[in-house]
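Welcome! Here is a short briefing to read alongside the structure. Please keep both the sequence and the model in view as you go.

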Amino acid sequence: MGPKLEPVTDIYISGVLQTGQGIQKVYVCQGTDNPQIFTPSDSTLLLKDAEVFLSGAGWRIQLFPDKPRSSQYYYGPYFSTGQQQILIEPEKTYSLEVNWQGQHFIAQTTTPVAPKFNPIDTTMIINVNSYGYGYFELSCQSPAQEHIVEVSYPAYGGISGDFNIKRGHQFIMSFNRGDSTGIITAVVALWNEDYERAQISAQELFNLETPMKRYSNIPGAHGVFAAMSNDTLKFRYRIRKSL
């Protein structure tokens, strides 16, 4: 006979810590699917009577039911730290506790080392051709081989969205904009092992020929408690048209 398996309650707990000072969120729902994707619009599956605690070295805070501040935000509601912004540091271990109807769920995760953008000039010069097309290159310091990068422009045009870096630590972004100057905000994020394993598990579930249980690091429940570290670079740019 094999080892005794721990029973799993049909409760999904999902929390991804973001390094830096900010509001931390945790989804606690009745069900087996990721509530960030499958939570119904009326959010009836949110377990409002659950007790949710987040703790680090020397502190412990309770999270309470909350909802998105923007109507364009699809996910929600969730438990959050509300108006209290919590500092999450790289390379630190944090704990998540959830109490619900006499059941106790607990998980830990460690934030990865923070990536760091290499410095650039205060004003970056972007060369574009006569059609307005060009590119710019950024690079970062990090021990990992893969990252997520988000680049955004506050005005219409240019590029905006998420990009995976798989070619070392340098990445080139295409550019198409008519303005001569502007501001670019770039964020490079690095995920920890818990986050990566959860993402891989979710992708594997799309292959119906090899059904398997979704990765979870929360004993007795479905879900994952993970973390990401990031660095933000905000800079001005100037356009220089090629002859």
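On one side of helix 2, E193 and Q203 are exposed (over 50% relative accessible area; buried means under 20%, partly exposed lies in between, with a 1.4 Å probe and protein chains only). Helices (H or I, at least four residues) and strands (E, at least two) are DSSP runs, numbered from the N terminus. This is a predicted model, in which local features need pLDDT of at least 70 and side-chain atom pairs count only at pLDDT 80 or more, while totals for chains, interfaces and linings use all residues. Residues are numbered from 1 along each chain as its sequence is written, and side-chain values use heavy atoms, with hydrogens and water left out.

**Helix 2**

- The other side of helix 2 from E193 and Q203 has a buried set made up of D194, Y195, A198, S201 and A202.
- These buried residues lie on the same side of helix 2 because they cover an arc of only 130° around the axis (taken from the directions from the helix axis to the C-beta atoms).
- As background, an α-helix has 3.6 residues a turn, so residues three or four places apart point the same way.
- Strand 1, strand 9, strand 16 (181-191) and strand 17 are among what covers the buried residues of helix 2.
- Helix 2 has twelve residues (193-204) and should span 16 Å at 1.5 Å a residue (the expected span is 1.5 Å times one less than the number of residues), which agrees with the 16 Å between its end C-alpha atoms.

**The whole chain**

- The protein chain has two helices and 17 strands.
- Of its 243 residues, 41% are buried.
- Take the contacts (heavy atoms within 4.5 Å) between residues at least 6 apart in sequence: 64% of them join residues at least 24 apart.

**Nonpolar cores**

- The largest nonpolar core (buried Ala, Val, Leu, Ile, Met, Phe, Trp, Tyr and Cys residues joined through side-chain atoms within 4.5 Å) holds 26 residues, and I11, I13, V28, V52 and V98 touch the most other members.
- Elements giving two or more residues to this core include strand 1 (11-18), strand 3 (25-30), strand 4 (51-56) and strand 17 (222-241).
- Strand 8 gives the most to this core, with four residues.
- Beyond its neighbours within four places in sequence, V52 is in contact with residues including V26, V28, I61, L63, F79, L96 and V98.
- A second, separate core has 19 residues, among them L138, C140, F171 and L233.

**Cysteines**

- How many disulfides (pairs of cysteine sulfur atoms within 2.5 Å) does a search of the whole structure find? It finds zero.
- C29 counts as buried because its relative accessibility is 5%.
- C140 is buried too, with a relative accessible area of 3%.

**S95**

- S95 is part of strand 8 and counts as buried at 12% relative accessibility.
- The side chains of S95 and Q108 are joined by a polar contact of 3.0 Å (N or O atoms within 3.5 Å; within protein, one must be able to donate a hydrogen and the other to accept it, and residues adjacent in sequence count only if both atoms are side-chain atoms).
- Leaving out residues up to four places away in sequence, S95 touches F53, L54, S55, A107, Q108 and F225.

**A221**

- A221 sits in the loop between helix 2 and strand 17, and at 2% relative accessibility A221 counts as buried.
- Not counting residues up to four places away in sequence, A221 touches V8, T9, I11, I13, F105 and S216.
- A221 and T32 are 189 residues apart in sequence, with their C-alpha atoms 8.5 Å apart in space.

Notes: A disulfide is a pair of cysteine sulfur atoms within 2.5 Å.
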